[in-house]
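Morning, everyone. I have one structure to go through today, and I will take the contact between the protein chains before the DNA. Please have the model open.

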2 protein chains.
Amino acid sequence: MATPWLNADEEQTWRAFRRLLVTLPARLDRDLVRDSGLSPADYEVLSTLSEKPDRRWALKDLAAKMEWSRSRLSHHTTRMQARGLVAREPDPQDARGCLLRLTDDGFGVLERAAPHHVVSVRARFLDHLDADELALLRALSARIADLPD
Amino acid sequence: MATPWLNADEEQTWRAFRRLLVTLPARLDRDLVRDSGLSPADYEVLSTLSEKPDRRWALKDLAAKMEWSRSRLSHHTTRMQARGLVAREPDPQDARGCLLRLTDDGFGVLERAAPHHVVSVRARFLDHLDADELALLRALSARIADLPD
DNA sequence: GGATTTTCGATGACATGTCAACGACAGGTA
DNA sequence: TACCTGTCGTTGACATGTCATCGAAAATCC
């Protein structure tokens, strides 16, 4: 079993990485709100909704795809609905469920937000990695995120 | 200036890394609550407080060290105070301020929590990196976190 | 078919974070 | 000394997430 302490190398790596875990999302989120008036949650909902050709998802499927609880997605889309970004429709396949639809307004907001967001991800992250680092980080991220829960 | 789109490599790296940004903290936080009954915020407050020999910090200094707003720290320590983990004392240097003190109870909770937490960080993260990856990740994290805000 | 169990989305209570405002005090300056 | 001006911690309003629970509808079982 793992020992309950860290050596100096591990300690410093963990500290540095933990700082990255906090600062990078904070900066990207700040940029997003400033540039587009969207919270990171808003952006994720809009962009995931836009992945389907008809821009419609059953709430439960969208929640599963995003790894959100249905409760969270229900609350959040209620607020987004009030802003006209998404709409609810009855699900013809399942009378318990509902379909979330990306409205034209929501799609427009997303289309204007995306380029700014990409620039932000570059400026704050991608542009500071070389090709080797990019490849290693990708492999490492997938490996760790794919560990059993 | 950066282009407003990503190539396939960048896109996949960013997706994988973003997934890591969400899943890793979620798992560590879940372990922490299960093992010790502490939220990640609790743990950070306790461990930072314990860094000073007398276990006392002025609220403003602790907030700066942790990169939290004073408001957030004030709210949070009010709740922790009700649980007996920390205490407030007048600051002899500055009558506006207050000193936050780690109580004996709080220190005990931290001491019992720390080994579990380290095991969790190992099992979910460190143990899956080799020495090269560790070094690269540390350099890369510091580089990006140290970018101007 | 009819009864039981499960799933779906909504909801309310609660925990936790942000932001703007505030009173109290410190520190500089005339 | 008597002002400004800024800082310190608190507070209240609000946004957002979790959790337990609910009614309705589907799925399963006999």
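In this model, which is a predicted one, 43 residues of chain A are in contact with 43 residues of chain B. Three elements of chain A each put at least two residues into the side that touches chain B: helix H1 (8–36), helix H5 (104–124) and helix H6 (131–145). H1(A) gives the most, with 14 residues. If you sort that side of chain A by class, you get 27 nonpolar, five polar and 11 charged residues.

Next, how the two copies are arranged. Chain A superposes on chain B after a rotation of 180° with 0.0 Å of shift along the axis, and the RMSD is 0.0 Å. The two copies are therefore related as by a two-fold rotation axis. If you want a landmark in chain A, take A:Leu21: its C-alpha is the nearest to the axis, at 3.1 Å. Both copies use the same surface, since 100% of the contact residues of chain A recur in chain B.

Now the DNA. Which residues come nearest to DNA strand D? Out of the 22 residues around that strand, they are A:Arg72, B:Leu59, B:Lys60, B:Ser74 and B:Gly97. As for elements, helix H4 (70–82) of chain A, and helix H3 (59–66) and helix H4 (70–82) of chain B, each supply at least two residues of the surface near strand D. H4(A) has the largest share there, five residues. By class, the surface near DNA strand D has five nonpolar, nine polar and eight charged residues.

That is what I have; questions are welcome.

Key. Residues are numbered from 1 along each chain as its sequence is written. Chains are lettered from A and ligands numbered from 1 in the order in which they are written. This is a predicted model: local features need pLDDT of at least 70, side-chain atom pairs count only at pLDDT 80 or more; totals for chains, interfaces and linings use all residues. Copies are superposed by least squares on the C-alpha atoms of residues with pLDDT of at least 70 in both. Two residues are in contact if their C-beta atoms, placed from the backbone, lie within 7 Å. Helices (H or I, at least four residues) and strands (E, at least two) are DSSP runs, numbered from the N terminus. Ala, Val, Leu, Ile, Met, Phe, Trp, Tyr, Cys and Pro count as nonpolar, Asp, Glu, Lys and Arg as charged, and the others, Gly among them, as polar. A residue is near a molecule or strand if its C-beta atom, placed from the backbone, lies within 6 Å of it.
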